[in-house]
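Subject: Structure for your files

Hello,

Here is the structure we spoke about, with notes on what was found in it. Please read the notes with the structure open.

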Amino acid sequence: MRKPVIAGNWKMYKLLSEAVETALALKPLVANANHCEVVIAPVFVQIKTIADRLEGSNINVAAQDCAPVEKQSANTGEVSAEMLKDVGCSHIIIGHSERRQFYAESDNAVNQKTKSCLTSGLKAIVCVGEMLAEREAGKAEEVVKTQVVNGLAGLTTADMERIIIAYEPVWAIGTGKTATPEQAQEMHAFIRQVLTETHGKVVADSTRILYGGSVKPENIKELMNQEDVDGALVGGASLDANSFAQIVNYK
Ligand code: PEP
């Protein structure tokens with residue numbers, strides 16, 4: 001059985017005091033959520049504080065990115081996966097569409113970052129998803145397949161145990177436009193088929209595939225009812241503890 005993952009991406013929205021306040025408010029609200037893996041992703045500089053404040057709780061802390069190299073080295077401005085683990089991270093979001101769009105992050109960079117994350121013993125939440133123009137041109141599956149194949153290139157079966165895929169159609173992120181549950185299911189099933197081709201059926205059947213794109217308390221249940229939807233990566237609705245807790249407690 002695939003244990004669902006509900007992950008909140010706080011992007012660059014919160015000052016430290018706000019992040020601590022939200023994390024502490026969330027703690028009791030999701031304390032009984034044993035049905036899923038709960039993850040929140042503050043900005044780099046808040047990770048240590050948030051991880052310390054959440055110690056002993058069932059909330060995991062993720063980073064929103066990491067360096068493509070592992071070695072402690074001359075890489076000004078970068079933060080390695082090992083450093084993130086060192087301050088309390090268990091997961092890293094890699095290849096979010098905002099990084100692909102605004103920082104020209106390539107599939108190759110996503111692959112290197114994913115490998116760094118795995119080498120450091122952390123779980124990677126690898127994001128894929130097509131732009132609106134690509135969907136309208138009938139290229140959604142082709143684009144997503146390329147991102148999955150290239151992003152996960154060279155990973156072993158053992159590596160894949162720590163891979164979580166997030167399908168986030170770019171046209172649904174922060175726009176209020178959610179993919180219909182059927183559109184999400186269709187793409188998730190397609191991704192699982194791609195994983196069967198690249199890593200075999202056992203890996204494909206056990207890999208968690210999250211949906212992301214305007215997930216809210218109102219639509220989570222219907223999305224989670226889809227066979228191949230194993231959780232959600234939530235942006236806007238994760239910023240408020242009550243709304244994120246409602247999503248976590250969707251059952
Ligand atoms: C995201 O940033 O990963 C995301 C899905 O954002 P939102 O939920 O706001 O659409």
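**Helix packing**

H7 crosses H9 in the right-handed sense. The model is a predicted one, and the notes below should be read with that in mind.

H9 covers residues 181-199, and its axis is 10 Å from that of H7, at an angle of about 45°. The two helices are therefore oblique to each other, since the oblique class excludes angles under 35 degrees as roughly parallel and those from 65 to 115 as roughly perpendicular. On the H7 side the contact is made by Ala140, Glu141, Val144, Lys145, Val148 and Val149. On the H9 side are Met187, Phe190, Ile191, Val194, Leu195, Glu197 and Thr198. By class, this contact of H7 with H9 has 9 nonpolar, 1 polar and 3 charged residues.

H7 (residues 140-151) also packs against H5 (residues 107-119): the axes come within 8 Å and cross at roughly 40°. That angle makes H5 oblique to H7. The crossing of H5 and H7 is right-handed. H5 contributes Asp107, Val110, Asn111 and Thr114, and H7 contributes Thr146, Gln147, Asn150 and Gly151. The contact of H5 with H7 divides into 1 nonpolar, 6 polar and 1 charged residues.

A further helix pair is H1 (residues 16-29) with H12, where the axes come within 9 Å and cross at roughly 35°. The crossing of H1 and H12 is right-handed. Thr22, Ala25, Leu26 and Leu29 of H1 meet Ala241, Asn242, Phe244 and Ala245 of H12. In the contact of H1 with H12 there are 6 nonpolar and 2 polar residues, and no charged ones.

**The barrel**

The strands form a closed barrel of 8, in the order S1-S2-S3-S4-S5-S6-S7-S8, with parallel pairing. From one strand to the next the twist averages 25°. As an example of the pairing, S6 (residues 163-167) and S7 (residues 208-212) are joined in the parallel sense by 4 bridges. Tyr167 has Tyr211 in S7 as its bridge partner.

H12, which takes in residues 241-248, lies across three strands of the barrel: S1 (5-9), S2 (37-41) and S8 (231-234). Relative to S1, H12 runs at about 160°. H12 thus has a place in both parts of this account, lying across those strands and meeting H1.

**The chain as a whole**

The chain holds 12 helices and 8 strands. Its C-alpha atoms fill a box of roughly 45 × 45 × 35 Å along the principal axes. How does the radius of gyration of the chain stand against that of a compact globule? For 251 residues a compact globule would have a value near 18 Å, and the 17 Å of the chain agrees with this.

To look at the packing first, start from H7: its contact with H9 includes Val144 and Val148, and its contact with H5 includes Gln147 and Asn150.

Regards

Methods
Residues numbered from 1 in each chain as written. Predicted model: local features only at pLDDT ≥ 70, side-chain atom pairs only at ≥ 80, totals over all residues. Heavy atoms only, no water. Pairing = 2+ DSSP bridges. Axes fitted to C-alpha atoms, helices over the stretch in contact; angles between N-to-C directions. Contact = heavy atoms within 4.5 Å. Parallel < 35°, antiparallel > 145°, perpendicular 65-115°, else oblique. Left-handed = near helix turned anticlockwise from the far one by under 90°. Nonpolar A, V, L, I, M, F, W, Y, C, P; charged D, E, K, R; others polar. Rg over C-alpha atoms; globule rule 2.2 N^0.38 Å.
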